[in-house]
Amino acid sequence: MRHLKEGTGWRLGYDPDANVFKGLVGGDRWAVELTQPEFADFCRLALQLAETLQSMASELMAEERITCEQETPHIWLEVEGFPNQYSLRFILLQGRQVEGAWPAAVTSALVQTIPALMLC
């Protein structure tokens, strides 16, 4: 990966010069490469879901959990938890059978890294 960002429990990478698999998402013990459309959708949906949770924060009681999901033809994403602490899960919908997830303890750092990686 040409551009790789890592933190405790997560990895994100992007290589604009790669032939097929330009993106990478991973956890502590797993990783999967994504095509450009899959990676673009992953980044966009993860940011949209995080924004949705934040916009709903004032409508929820402190102990109230929420689940939101979005999908494109390429990928399905789900966030579950509280507006400031939520897990993130994805499933690729075409070709390869891949599912991955990050626990609430690491998702915030992963999502905060996406805008910087998208500028690479």
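Author: Two strands pair, in the sense used here, if DSSP finds at least two bridges between them. The structure above is a predicted model, and the strands of its first-numbered sheet are taken up with that criterion.

Reader: Which strands are the edge strands of the open sheet β1-β2-β3-β4?

Author: This open sheet has 4 strands in the order β1-β2-β3-β4, paired in antiparallel fashion. Direction ignored, neighbouring strands of the sheet are turned by 15 degrees against each other on average. Two strands pair on one side only, and these edge strands are β1 (3–7) and β4 (31–35).

Reader: What is the bridge partner of Phe 21 in β4?

Author: Strand β3 (residues 21–26) runs antiparallel to β4, and the two are joined by 5 bridges. Pairing requires at least two bridges. Within this pair, the partner of Phe 21 in β4 is Thr 35.

Reader: What angle does the direction of α2 make with that of β2?

Author: Helix α1 packs on this sheet by touching β2 (10–14), β3 and β4, and its direction makes about 105 degrees with that of β4. Helix α2 also packs on the sheet, where it touches β1 and β2. The angle between the directions of α2 and β2 is about 15 degrees.

Reader: In the sheet β5-β6-β7-β8, why is one side of β5 and of β8 left without a neighbour?

Author: The open sheet of 4 strands follows the order β5-β6-β7-β8 with antiparallel pairing. Because β5 (66–71) and β8 (99–102) stand at its edges, one side of each lacks a neighbour, each strand having a single partner strand.

Reader: Which residue in β7 does Phe 82 stand opposite?

Author: Strand β6 (residues 75–82) and strand β7 (residues 85–92) run antiparallel and are joined by 8 bridges. In β7, the residue opposite Phe 82 is Gln 85.

Reader: At what angle to β7 does helix α2 run?

Author: Helix α1 (residues 36–56) lies across β5, β6, β7 and β8, and runs at about 25 degrees to β6. Helix α2 (residues 104–118), for its part, lies across β7 and β8, and its angle to β7 is about 75 degrees.

Reader: Where α1 and α2 pack, what is the handedness of their crossing?

Author: The two helices pack at an angle of about 130 degrees, with their axes 10 Å apart. That angle makes α1 oblique to α2. Residues of α1 in the contact include Phe 39, Phe 42 and Cys 43, while those of α2 include Leu 110, Val 111 and Ile 114. The crossing of α1 and α2 is left-handed.

Reader: Does Glu 38 count as buried or exposed?

Author: Glu 38 lies in helix α1, and its side chain makes a polar contact with the side chain of Arg 96 (2.4 Å). Leaving aside neighbours within four places in sequence, Glu 38 is in contact with Glu 33, His 74, Ile 75, Leu 92, Gln 94 and Arg 96. The relative accessibility of Glu 38 is 5%, and since the term applies under 20%, Glu 38 counts as buried.

Reader: What distance separates the C-alpha atoms of Glu 64 and Phe 90?

Author: Glu 64 lies in the loop between α1 and β5, and with a relative accessible area of 31% Glu 64 is partly exposed. Apart from neighbours within four places in sequence, Glu 64 is in contact with Glu 59, Gly 81 and Phe 82. Glu 64 and Phe 90 are 26 residues apart along the chain, and the separation of their C-alpha atoms is 23 Å.

Definitions and conventions. Residues are numbered from 1 along each chain as its sequence is written. This is a predicted model: local features need pLDDT of at least 70, side-chain atom pairs count only at pLDDT 80 or more; totals for chains, interfaces and linings use all residues. Side-chain values use heavy atoms; hydrogens and water are left out. Contact means heavy atoms within 4.5 Å. Axes are lines fitted to C-alpha atoms, for helices over the stretch in contact, and angles run from 0 to 180 degrees between N-to-C directions. Buried means under 20% relative accessible area, exposed over 50%, partly exposed in between (1.4 Å probe, protein chains only). A polar contact is a pair of N or O atoms within 3.5 Å; within protein, one must be able to donate a hydrogen and the other to accept it, and residues adjacent in sequence count only if both atoms are side-chain atoms. Angles under 35 degrees count as roughly parallel, over 145 as roughly antiparallel, 65 to 115 as roughly perpendicular and the rest as oblique. A crossing is left-handed if the near helix is turned anticlockwise from the far one by less than a right angle, and right-handed if clockwise.
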